[in-house]
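The exercises below are meant to be worked with the sequence and the structure side by side. Try each task before reading its solution.

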Amino acid sequence: MSSPPSQRLPDWHRVWAVLATGLPLAVLTVGCLNSQRVPPDTAKRPSRQLPARPTIAPARATGNKTPSSWKPLKTVRRWNSIVLHHTATEAGSVASIHANHLQRTTGGKPWLGIGYHFVVGNGKGMPDGYIEPTFRWRNQLQGAHAGQKDHNQHGIGIALIGNFEKRPPTAAQLASLRRLIVHLRSVYAIPATGLVGHSDIKATACPGKLFPLANLKRDFAKGGITP
Ligand SMILES: [Zn+2]
């Protein structure tokens, strides 16, 4: 025996009622799952995307040949100092600093990118002791690192990756830094008093209390820094 149509109607009403409430819920649920699969703010934090490999051949503190990447591409600017920095980060690279500095502004004007002229890696983000010149050096542009006009205009900004308030730079970093300083001094005629730490020209802890700034400055003033 079949049921009269009047008895089936309530069943269809229940089916439609379930579909009507269930479908939007299902769509919402799938939407949430989908949105969770997408990293929420990848685009906003490119600095976390460290490049797996450097883009320029390594320039470690071995060998006597000056890497070709250290040669400026444009007319040489007048340089009269070298300003030393740490990044105050455990890890980093030219690419990660560049991404970070692109988000900065001074007086409402956005930065062109990484403010330093050279970066020395510590093995976390860049190979340990690896020296990489930035676009500011290659194009002989003023820096954005000193917080002080003359040293931004005519000071070569070198940043070592690391937080030297917590631990000293690696031996490879220091060897590379010495090699770079010797090169810059001889080619660009930096005066004997021209090697400074960031803290010498601005109220900052940079390049950190565990960075051997006094030793380097003393050796530089005596002309005794050797690679
Ligand atoms: Zn600094």
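**Exercise 1. Find which residues of helix H2 are buried, and what covers them.**

Solution. Begin with the count: H2, residues 94–101, is mostly covered, with 6 of its 8 residues buried. This is a predicted model, and every statement here is about that model. Next, name the residues, which are Val94, Ala95, Ser96, Ile97, His98 and Asn100. Finally, look at what lies against them: the cover includes S4 and strand S5, the latter spanning residues 131–133.

**Exercise 2. Work out the strand order of the open sheet of 5 strands, and state which strands form its edges.**

Solution. Reading across the sheet, the order is S5-S4-S6-S1-S7, and the pairing is mixed. The edge strands are S5 and S7, each of which pairs on one side only. Neighbouring strands are turned against each other by 25° on average, if direction is ignored.

To see where the mixed pairing comes from, take the pairs in turn. S4 and S5 run antiparallel and are joined by 3 bridges, and Val120 stands opposite Ile131 in S5. S4, residues 118–120, runs parallel to S6 and is joined to it by 3 bridges; here the bridge partner of Val120 in S6 is Leu160. S1, residues 81–86, is also parallel to S6, with 6 bridges between them, and His85 has Ala159 as its bridge partner in S6.

**Exercise 3. Decide which residues of strand S6 point one way and which the other, and whether they are buried or exposed.**

Solution. As a starting point, side chains in a regular strand alternate between the two faces of the sheet. In S6, Gly155, Gly157 and Ala159 point one way, while Ile156, Ile158 and Leu160 point the other way. For the second part, all of these residues are buried, in keeping with a count of 6 buried residues out of 6 for S6, residues 155–160.

**Exercise 4. Identify the residues that touch the most other members of the largest nonpolar core, and the elements that give two or more residues to this core.**

Solution. The core has 31 residues, and those touching the most other members are Ile82, Phe118, Val119, Val120, Ile158, Leu180 and Ile181. The elements giving two or more residues to the core are S1, H2, S4, S6, H5 and H7. Leu180 serves as a worked case: leaving aside its neighbours within four places in sequence, Leu180 is in contact with Phe118, Ile131 and Ile158. As background, nonpolar side chains in soluble globular proteins tend to be buried together.

**Exercise 5. Explain why the buried residues of helix H7 can be said to line one face of the helix.**

Solution. First list the buried residues of H7, which are Leu213, Leu216 and Phe220. Seen down the axis of H7, these residues fall within an arc of 70°, so they line one face of the helix. Then turn to the other side of H7, where Ala214 and Asn215 are exposed. The buried residues pack against S1, helix H5 (171–188) and strand S7 (195–197). Beyond the helix, H7 is followed by Gly223, whose phi is positive, near 75°.

**Exercise 6. Locate Ala203, and explain why this residue counts as exposed.**

Solution. Ala203 sits in the loop between helix H6 (198–201) and helix H7 (213–221). Its C-beta neighbours inside 10 Å number 7, and because a residue with 12 or fewer is exposed, Ala203 counts as exposed. A distance completes the picture: Ala203 and Gly147 are 56 residues apart in sequence, with 9.6 Å between their C-alpha atoms.

**Exercise 7. Summarise the whole protein, and say where pLDDT stays under 50.**

Solution. The protein has 7 helices and 7 strands, which follow the pattern α-β-α-β-β-β-β-α-α-β-α-β-α-α along the sequence. Buried residues make up 29% of its 227 residues. Of the contacts with a separation of 6 or more, 73% are between residues 24 or more positions apart.

For confidence, the average pLDDT is 80, and 70% of the residues score at least 70. pLDDT stays under 50 over residues 1–10, where the model has 1 contact beyond four places in sequence, and over residues 12–62, where it has 31 such contacts. Where pLDDT is low, the predicted coordinates should not be read in detail.

Technical notes. Residues numbered from 1 in each chain as written. Buried ≥ 20, exposed ≤ 12 C-beta atoms within 10 Å, placed from the backbone. Helix = DSSP H or I, 4+ residues; strand = E, 2+ residues; numbered from the N terminus. Pairing = 2+ DSSP bridges. Contact = placed C-beta atoms within 7 Å. Arc of directions from axis to C-beta. Core = buried A, V, L, I, M, F, W, Y, C linked by C-beta atoms within 7 Å. Axes fitted to C-alpha atoms, helices over the stretch in contact; angles between N-to-C directions. pLDDT = per-residue confidence, 0-100.
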